[in-house]
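User: I have a protein model open and want to learn to read it. Can we go through it step by step?

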Amino acid sequence: MGELKYEDGECDESIVSFSMRRSQAQKKVWIQENYEKYIDNTQNDYLVEQSYLNQLGFICCMIYTPDGEFIIVGHSTGMIQMRHGSTGTVICTLRNIQYPPKPIYALEYSLVEERVCYAACMDGAIYRIEIPNINVSTEDPPEYCIKADPTLECLNTQFYGAPGISSSSTPFITQRTPALSLGITADQVKMVVGYGDSSIKVYDIETQELDLTYKVQKLRMQFIPKKLQRLHFGQICALRCHDQNIFMFASGAWDRTLRIWDIRCKIGCVTTFEGVNVCADSIDLNRNQCIVGSWQPTEALTVWDIAEKKKVNTIRVQNRRPDVDGEYIYTCRYWRSSDFNRKGKYALIGGSGTGCLEVINLHNRYISCSYPAAGTILAVASYQERIAFGGTAPVLYIVSFHDPKHEKQKKDTDYDSSIWTPGNDFQEYNSSTTVEQSVV
């Protein structure tokens, strides 16, 4: 707690102020301990800690492009920016601030359409955003970028520099209710949108027509037994489509339920999981498992099996520091690394309680790395070893994470090509292919 002295200075008594939850000295102590425990003498490090204007608003969502070259960032003022994937430099503004400001709550990159992403906005529209074709190397990034005057960047699309670097965004689907979550099926044919009126709508991307609506009136839910309720009755704040099953998607709402859906079932969900308190985009799918981050002080991270329809585990972290006020998770994602996390071993969580982004090992329930950050973390995205996150503080963080166990195995493993022979499962063997590629 902070202490305020009397102005005359003669009185020794102090007035207690509750404006600060903990002193700066205490804060520096745990940050230093965190650095020595997780970052010092490791390959984990802060790559970028870039501040931006307060007028841009909170970072509500972000995604990496499939190649990892760019980060698409959505703000609470409606602005969408494309930043460099490794340096965080603003490459271009995809959508300017709207008045009155309406937050961008979800972003989804199209895997079929070239350089196109979709954004779910609080004004009820799904925007189709065309990303300009800008070639910027991630291995040799530029030190500087043509950037607009901050005032112009906030108010309109005029930029100093040629050619202009502001792309167009057009309303793709419009509704009267706020669009809070968004997903695209694995075959890139259907778009699933969760709205604030507790409805989920499935659209055809090519025709933009409404194919299916999941909605029930709240008054009717009172007369349906709880075991037979197959629809949400709270606003849909989280939605995630399965990356392999073209019919499956998961949703979380303010009705404290996680539901698994199949587009072929038109009357409701196929599975309902209770006991979660999802308040933001804090669910993610990987194979047959779903991780959920709840806004609660303890036991906020849970793992669910969508095939066996049961809870797999409640992650009670063993090595978290004891002075944490609570977890209160706002964002939860699997670490997107095709080399080291294909089985979903690591999860990325952030919120308002821990004061940092944590990389959780779901197998042994330990924090593998922790990155202190300013403010509440609302969004996180990852590509291989890079992890980007941000939130209420006007700072964008990009950090690197390496699993020491896998890095050691990768470094120490060495195959002798003179004694190695292909197995029976290999029909052909190309001598030009490296041995490690052949093993994989």
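Analyst: Yes. This is a predicted model. Let us begin with a cavity. In the lining of the second largest cavity, the largest share is three residues, and they come from β25.

User: Which two strands each supply at least two residues of the lining of the second largest cavity?

Analyst: The lining includes Ile349, Gly350 and Gly351, as well as Cys356 and Glu358. Residues 346-351 make up one strand and residues 356-361 the other. The two strands are β25 and β26.

User: How much space lies in the second largest cavity?

Analyst: Cavities of 30 Å³ or more are counted here, and there are two. The space in the second largest cavity is about 40 Å³.

User: By class, how many residues of its lining are charged?

Analyst: Take the classes of the second largest cavity in turn. Three lining residues are nonpolar and three are polar. Arg320, Glu327 and Glu358 are in the lining too, and Arg and Glu count as charged. The number of charged residues is three.

User: Now the largest pocket. Which element gives the most to its lining?

Analyst: The largest pocket holds about 1200 Å³ of space. Its lining has 47 residues, and Tyr64 and Glu108 are among the closest to its centre. Several strands give two or more residues, including β4, β8 and β28. The most, six residues, comes from β28.

User: How many residues of that lining are nonpolar?

Analyst: Sort the lining of the largest pocket by class. Nine residues are charged and 13 are polar. The nonpolar count is 25.

User: Which strands are at the edges of the open sheet that has the order β4-β5-β6-β7?

Analyst: Four strands form this sheet, and the pairing is antiparallel. An edge strand pairs on one side only. The edge strands are β4 and β7.

User: Which residue in β5 is the bridge partner of Cys61?

Analyst: β4 covers residues 59-64. Five bridges join β4 to β5, and the two run antiparallel. In β5, the partner of Cys61 is Gly74.

User: How many disulfides does a search of the whole structure find?

Analyst: A disulfide needs two cysteine sulfur atoms within 2.5 Å. For Cys117, the nearest cysteine sulfur is that of Cys61, 9.5 Å away, so Cys117 is in no disulfide. Over the whole structure, the search finds zero.

User: Is Cys117 buried or exposed?

Analyst: Buried means under 20% relative accessible area. Cys92 has 1%, so Cys92 is buried. Cys117 has 0% relative accessibility, so Cys117 counts as buried.

Notes
Residues are numbered from 1 along each chain as its sequence is written. This is a predicted model: local features need pLDDT of at least 70, side-chain atom pairs count only at pLDDT 80 or more; totals for chains, interfaces and linings use all residues. Side-chain values use heavy atoms; hydrogens and water are left out. Buried means under 20% relative accessible area, exposed over 50%, partly exposed in between (1.4 Å probe, protein chains only). Two strands pair if DSSP finds at least two bridges between them. On a 1 Å grid over the protein atoms alone, a cavity is a set of points where a 1.4 Å probe fits but cannot get out, and a pocket is an open set with protein on both sides within 12 Å along at least five of seven lines; lining residues have an atom within 4 Å of a point. Grid points are joined across faces, edges and corners, and a volume is the space filled by probe spheres set on the points.
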